[in-house]
Amino acid sequence: MSRHVGILTGGGDAPGLNAVIRAVVKYGVGQKGWLITGIEDAFDGLIARPMRLRRLVPRSCGGLLQKGGTMLGTTNRGDPFSWRDGKNHAHDVRVELDRLGIEGLIVVGGDGTMRIAQRLMIEEGVPVVGVPKTIDNDLGATDQTFGFQSAVDCVTDALDRLHTTAESHDRCIVVEVMGRDAGFIAMHGGIAGGADIILIPELPWDLARLRAKLEQRRNIGRPFSLIVVSEAARPIGGPDPKGRAGQLVVDALKEAEPDLDIRLMVLGHLQRGGSPVAVDRVLATRFGITAVDLVSEGRWGEMVALRDGRVIGVPLSEAVKANRVVDVAGELVHTARAVGVELGG
Ligand code: F6P
């Protein structure tokens, strides 16, 4: 009998999810002869009634490589251990998988989804192989996640566009970018887009330093500036910005310099949408293929990860350990400062 494996995507979407699904199906079904069932909207597809499942074959993957989002749908409100109806459906997941003859799951998601996958394995004995994803690139277990580069390219493109309008009007434009807990998108996008100031959660900012940088630019005949603000950046001693990181910077500068011509641009979910860039398509494909190899070798309980240029399997337990943040004493921060970027703190 053919091996039967399920695949689902959980948490926020990231460009490259479809490329993972395509790789898993092309290799798993096309070359290994498995049955693969796609489970829609993360674990909801197994918990909600009617169930939302679909058989995936290579033909269903046409045009997927370049498509953003996820053909299986996703949710970040679908934890089976504490579902929306207030009940614990973890055991139901196990029962349904057994009933369908699904041997195990390839779970594609961020740290939250990986934690759920690990609990399902430990508490319900559901075999899982994980594939990490987040545009934030803050999972400690892998050197890079797919979706990150696409988000960075989006920020870079936005800065290139905003540069010309900021320069024409002698304006200061604040660009708020994603990164729930870490400033990687801000650092990479900001450096690539030539930002003058980059503010990240790892380095709380000081208003005096921002003003000094604007002043310094005015003094060299550059009366415009681009300020990239990570969504979690906050002033020194300030509280969690709660979705107002960019606005806080605008308000503080405007209060200190009422004549400053300043605008705010929140890039938001633009950074998660659209086609994955080539780097993400390749990484997502490599992750998908390695996930199939791990299943083939019976290495349930592992997650694929990029380490020193190679995609390997690492224990899921390791994958859900501490997330990564920008090293404030590291080479990336040094690089930004060396090209004159003010980091605010
Ligand atoms: O973790 C990815 C991410 O895009 C973060 O950068 C951002 O804070 C969050 O997800 C937004 O999530 P939501 O889809 O719930 O708006």
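This passage describes the two domains of a predicted model, the contact between them and the surroundings of the bound ligand.

The chain is divided into two domains. Domain 1 is assembled from two separate stretches, residues 4–147 and 276–319, whereas domain 2 comprises residues 148–273. A distance of 34 Å separates the C-alpha centres of domain 1 and domain 2. The contact between the two draws on 16 residues of domain 1 and 15 residues of domain 2.

The size of an interface is often expressed as the accessible area lost when the parts come together. Between domain 1 and domain 2, the buried area amounts to about 1,200 Å², and carbon and sulfur atoms account for 52% of this value. On the side of domain 1, Ile135, Asp136 and Val277 together contribute 42% of the area buried against domain 2, a share that exceeds that of any other three residues.

Polar interactions also link the domains. In total, 8 residue pairs in polar contact were counted between domain 1 and domain 2, with both residues of each pair at pLDDT 80 or more. The side of domain 1 that touches domain 2 consists of 6 nonpolar, 6 polar and 4 charged residues. The count of salt bridges between the two domains is 1. A salt bridge is formed by Arg272 and Asp13, whose closest N and O atoms lie 2.9 Å apart.

The ligand is surrounded by Asn76, Thr134, Ile135, Asp136, Met178, Gly179, Arg180, Glu231, His269 and Arg272. Ile135 and Asp136 thus recur in this list, having been named among the three leading contributors to the area that domain 1 buries against domain 2. Arg272, the partner of Asp13 in a salt bridge, is likewise one of the residues around the ligand.

Oxygen atoms of the ligand are approached by polar side-chain atoms of Asp136, at 2.7 Å, and of Glu231, at 2.6 Å. For His269, an N or O atom of the side chain is located 2.8 Å from a ligand oxygen atom. Taken alone, the ligand exposes 400 Å², of which the protein buries 75%.

Methods: Residues numbered from 1 in each chain as written. Predicted model: local features only at pLDDT ≥ 70, side-chain atom pairs only at ≥ 80, totals over all residues. Heavy atoms only, no water. Domains from an automatic or database assignment. Contact = heavy atoms within 4.5 Å. Buried area = accessible area lost by both parts, 1.4 Å probe. Salt bridge = Lys/Arg side-chain N within 4 Å of Asp/Glu carboxyl O. Polar contact = N/O pair within 3.5 Å; in protein donor to acceptor, adjacent residues only side chain to side chain. Nonpolar A, V, L, I, M, F, W, Y, C, P; charged D, E, K, R; others polar. Near = heavy atom within 4 Å. Areas by Shrake-Rupley, 256 points an atom, 1.4 Å probe, with all protein chains shown as cover.
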